[in-house]
Amino acid sequence: MLSPADILDASILIVDDQEAMAALIRRVLQRAGLPCVTANTVPSALQIVLAGGALDAVVLDVLMADVDGLAAIRHLREVGYEGKIVMCTAIESAAVRATAMAHGADGFVLKSDGLRMLPVVLASLGVVPRG
């Protein structure tokens, strides 16, 4: 269970229905100096956003069991989230990338790249370690 302090201290919200993948992404971003929280469902992610933390970015999977990442972008914007959104997916498709960007994603990273590009993409969007 996340504490209010965890949410308030977080810079990045990771949303992936596969807990092992969410934990891996979290480790990669924490090594880059970016404090993270994770959610395994879109409703949980929306609760975190509504809790009022100062999130700089949300990292979203495209294919999730409850709500797909493209719909999640819309839900995030509907609840007032104005930060960056980066899609992180195993789907290597130009069409999926174009659709995600058209739905409001700010960045797109392939999991097959070993996630090494995720901190780079976030930095290019102005999401850097706080402090």
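## A walk through a five-stranded sheet and its helices

Let's start with one residue: Ser 11 sits in the loop that links α1 (4–9) to β1 (12–15). Keep in mind as you look around that this is a predicted model. Is Ser 11 buried or exposed? Its relative accessible area is 1%, and buried means under 20%, so Ser 11 counts as buried. If you skip the neighbours within four places in sequence, Ser 11 is in contact with Leu 34, Pro 35, Leu 55, Asp 56, Ala 57, Val 127 and Arg 130. One of those, Ala 57, will come up again when we get to the sheet.

**The sheet**

Now zoom out. In what order do the five strands of the open sheet lie? The order is β2-β1-β3-β4-β5, and the pairing is parallel. At the edges you'll find β2 (36–39) and β5 (107–110), each of which pairs on one side only. Going from one strand to the next, the twist averages 20°.

As a bit of background, strands in a sheet pair through backbone hydrogen bonds, and they can do so in a parallel or an antiparallel way. Here, β1 and β3 pair in the parallel sense, over four bridges. Strand β3 (residues 57–60) also pairs with strand β4 (residues 84–89), again parallel and over four bridges. Here are some of the partners to look up in the structure:

| Residue | Opposite residue | Strand named for the pairing |
|---|---|---|
| Ile 12 | Ala 57 | Ala 57 is in β3 |
| Ala 57 | Lys 84 | Lys 84 is in β4 |
| Val 59 | Val 86 | Val 86 is in β4 |

So what about the two faces of β3? Both are covered: Ala 57 and Val 59 are buried on one side, and Val 58 and Leu 60 are buried on the other. Strand β4 is largely enclosed by the rest of the structure, because five of its six residues are buried.

**Helices on the sheet**

Which strands does helix α2 (residues 19–31) touch? It packs on the sheet and touches β1, β2, β3 and β4, and its direction makes about 170° with that of β2. Helix α4 (residues 69–78) lies across β3 and β4, running at about 165° to β4.

Met 21 belongs to helix α2. Leaving out neighbours within four places in sequence, Met 21 is in contact with Asp 16, Lys 111 and Leu 115. For a sense of distance, take Met 21 and Ala 98: they are 77 residues apart in sequence, and their C-alpha atoms are 23 Å apart in space.

**Two helices side by side**

When two helices pack together, they are described by the angle between their axes and by the distance between those axes. For helix α3 (residues 42–50) and α4, the angle is about 25° and the axes are 10 Å apart. Angles under 35 degrees count as roughly parallel, so that is how α3 and α4 run relative to each other. The way α3 passes α4 is a right-handed crossing.

Which residues make this contact? On the α3 side they are Val 42, Leu 46 and Val 49, while α4 brings Ala 72, His 75 and Leu 76. Sorted by class, the contact has five nonpolar residues, one polar residue and no charged ones.

Leu 76, found in helix α4, deserves a closer look. With a relative accessibility of 2%, Leu 76 counts as buried. Not counting residues up to four places away in sequence, Leu 76 touches Leu 46, Val 49, Val 58, Leu 60, Tyr 81 and Ile 85. Among these, Leu 46 and Val 49 are part of α3, whereas Val 58 and Leu 60 come from β3. How far apart are Leu 76 and Val 42? They are 34 residues apart in sequence, with 8.9 Å between their C-alpha atoms.

**A last stop: Val 67**

Finally, look for Val 67 in the loop between β3 and α4. With residues up to four places away in sequence set aside, Val 67 touches Val 42, Ala 72 and His 75. You've met these three already, as part of the contact of α3 with α4. Val 67 and Val 121 are 54 residues apart along the chain, and their C-alpha atoms are separated by 24 Å.

Terms used
Residues numbered from 1 in each chain as written. Predicted model: local features only at pLDDT ≥ 70, side-chain atom pairs only at ≥ 80, totals over all residues. Heavy atoms only, no water. Buried < 20%, exposed > 50% of the residue type's maximum accessible area, 1.4 Å probe, protein only. Contact = heavy atoms within 4.5 Å. Pairing = 2+ DSSP bridges. Axes fitted to C-alpha atoms, helices over the stretch in contact; angles between N-to-C directions. Parallel < 35°, antiparallel > 145°, perpendicular 65-115°, else oblique. Left-handed = near helix turned anticlockwise from the far one by under 90°. Nonpolar A, V, L, I, M, F, W, Y, C, P; charged D, E, K, R; others polar.
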